[in-house]
Amino acid sequence: MIIYKDIFSGDELFSDTYKINVIDDFIYEVEGKITTEKGGIDESVIGANASAEEAGEGLEEGAKTGCNIVLANRLNSITGYTKDDYKTYIKSYQKRILTWLQANNPDRVAGFQAAAGPGMKRILKNFKNWEFFRGEKMDEDGMVALMDYREDGETPYMWFFKDGLEEEKV
């Protein structure tokens, strides 16, 4: 399995267990699904024996429903993000990526520069549709991932910047 991590924060953002497409050699589009992650403590796992009335109690209490990519990787929603806020963030983020590429992957610099403009136009064109997420650490220098839904309104997909990720085989 390959885990994709943010090059700046080290946060795990997704893995190759999801359907992944590359868009314009700039963005990884990762398709998810809506799931419910059970919360609470299942006492039967630790040897407790709940009565019939108590069976299943507490499991629903901490349950979370959402995109499986967000839940599995403990991504945090960013709310109140305006288009101007995003533009300010993305300019700074792209400069950090460019500096990182120059030091760590100079062969990729020209490809990144060529893809960045068209990629950003695609993102800004549908800005009102995006939901924004940061990794578990909520590192201000880390990647802001984007989420939207397919035309069916039920299938979530996320966009991650290809050059802001490193792959770790596990």
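**Close-up views of a predicted model**

Of the 170 residues in the chain, buried residues make up 42%. The structure shown in every view is a predicted model.

**Figure 1. Overview of the chain and its elements.** The chain holds three helices and eleven strands. Read from the N terminus, the elements follow the order β-β-β-β-β-β-α-β-α-α-β-β-β-β. Among contacts in the chain with a separation of 6 or more, 66% are between residues 24 or more positions apart. The accessible surface of the chain is about 9,800 Å², and carbon and sulfur atoms account for 47% of that surface.

**Figure 2. The open sheet with the strand order β2-β1-β11.** Three strands make up this sheet, and their pairing is antiparallel. The edge strands, each paired on one side only, are β2 (12-15) and β11 (165-169). On average, neighbouring strands of the sheet are turned by 30 degrees against each other, direction ignored. In general, strands of a sheet pair through backbone hydrogen bonds, in either a parallel or an antiparallel way.

**Figure 3. The hairpin of β1 and β2.** Strand β1 covers residues 2-6 and pairs with β2 in the antiparallel sense over three bridges. One residue to find here is Ile3, whose bridge partner in β2 is Ser15. Five residues lie between the two strands of the hairpin. Gly10 in this hairpin takes a positive phi near 80 degrees.

**Figure 4. The salt bridge between Lys5 and Glu168.** The side chains of Lys5 and Glu168 meet at 2.7 Å, N to O. Lys5 belongs to strand β1 and Glu168 to strand β11, so this pair ties together parts that are 163 residues apart in sequence. Lys5 has 16% relative accessibility and therefore counts as buried. Glu168 counts as partly exposed because its relative accessibility is 32%. A search of the whole structure finds eleven salt bridges, and the next two views show others among them.

**Figure 5. The salt bridge between Asp25 and Lys162.** The closest N and O atoms of Asp25 and Lys162 are 2.5 Å apart. Asp25 sits in the loop between β3 (19-23) and β4 (27-31), whereas Lys162 sits in the loop between β10 (156-161) and β11. The pair links distant parts of the chain, 137 residues apart. Asp25, at 33% relative accessibility, counts as partly exposed. Lys162, at 23% relative accessibility, also counts as partly exposed.

**Figure 6. The salt bridge between Asp163 and Arg108, and the network around it.** The side chains of Asp163 and Arg108 meet at 2.7 Å, N to O. Asp163 is found in the loop between β10 and β11, and Arg108 in the loop between α2 (83-104) and α3 (109-125). These distant parts of the chain are 55 residues apart. Both Asp163 and Arg108 are buried. Through salt bridges that share partners, Asp25, Arg108, Lys162 and Asp163 are joined into one network.

**Figure 7. The surroundings of Leu13 in strand β2.** Leu13 counts as buried, because its relative accessibility is 3%. Leaving aside residues up to four places away in sequence, Leu13 touches Tyr4, Asp6, Ile69, Asn73, Leu75, Gly135, Met143, Phe160 and Leu165. Ala145 is 132 residues from Leu13 in sequence, while the two C-alpha atoms are 8.5 Å apart in space.

**Figure 8. Phe14 and the largest nonpolar core.** This core has 44 residues. Phe14, Tyr86, Met158 and Phe160 are the residues with the most contacts inside the core. Helix α2 gives the largest share of the core, seven residues. Phe14 touches Ile2, Ile3, Tyr4, Ile20, Tyr28, Val30, Ile69, Asn73, Phe160 and Leu165, again without counting residues up to four places away in sequence. Phe160 is thus listed among the contacts of Phe14 and also among those of Leu13.

Notes. Residues are numbered from 1 along each chain as its sequence is written. This is a predicted model: local features need pLDDT of at least 70, side-chain atom pairs count only at pLDDT 80 or more; totals for chains, interfaces and linings use all residues. Side-chain values use heavy atoms; hydrogens and water are left out. Two strands pair if DSSP finds at least two bridges between them. Helices (H or I, at least four residues) and strands (E, at least two) are DSSP runs, numbered from the N terminus. Axes are lines fitted to C-alpha atoms, for helices over the stretch in contact, and angles run from 0 to 180 degrees between N-to-C directions. A salt bridge is a side-chain nitrogen of Lys or Arg within 4 Å of a carboxyl oxygen of Asp or Glu. Buried means under 20% relative accessible area, exposed over 50%, partly exposed in between (1.4 Å probe, protein chains only). Contact means heavy atoms within 4.5 Å. Accessible areas come from the Shrake-Rupley method with a 1.4 Å probe; for residues, only the protein chains shown count as cover. A nonpolar core is a set of buried Ala, Val, Leu, Ile, Met, Phe, Trp, Tyr and Cys residues joined through side-chain atoms within 4.5 Å.
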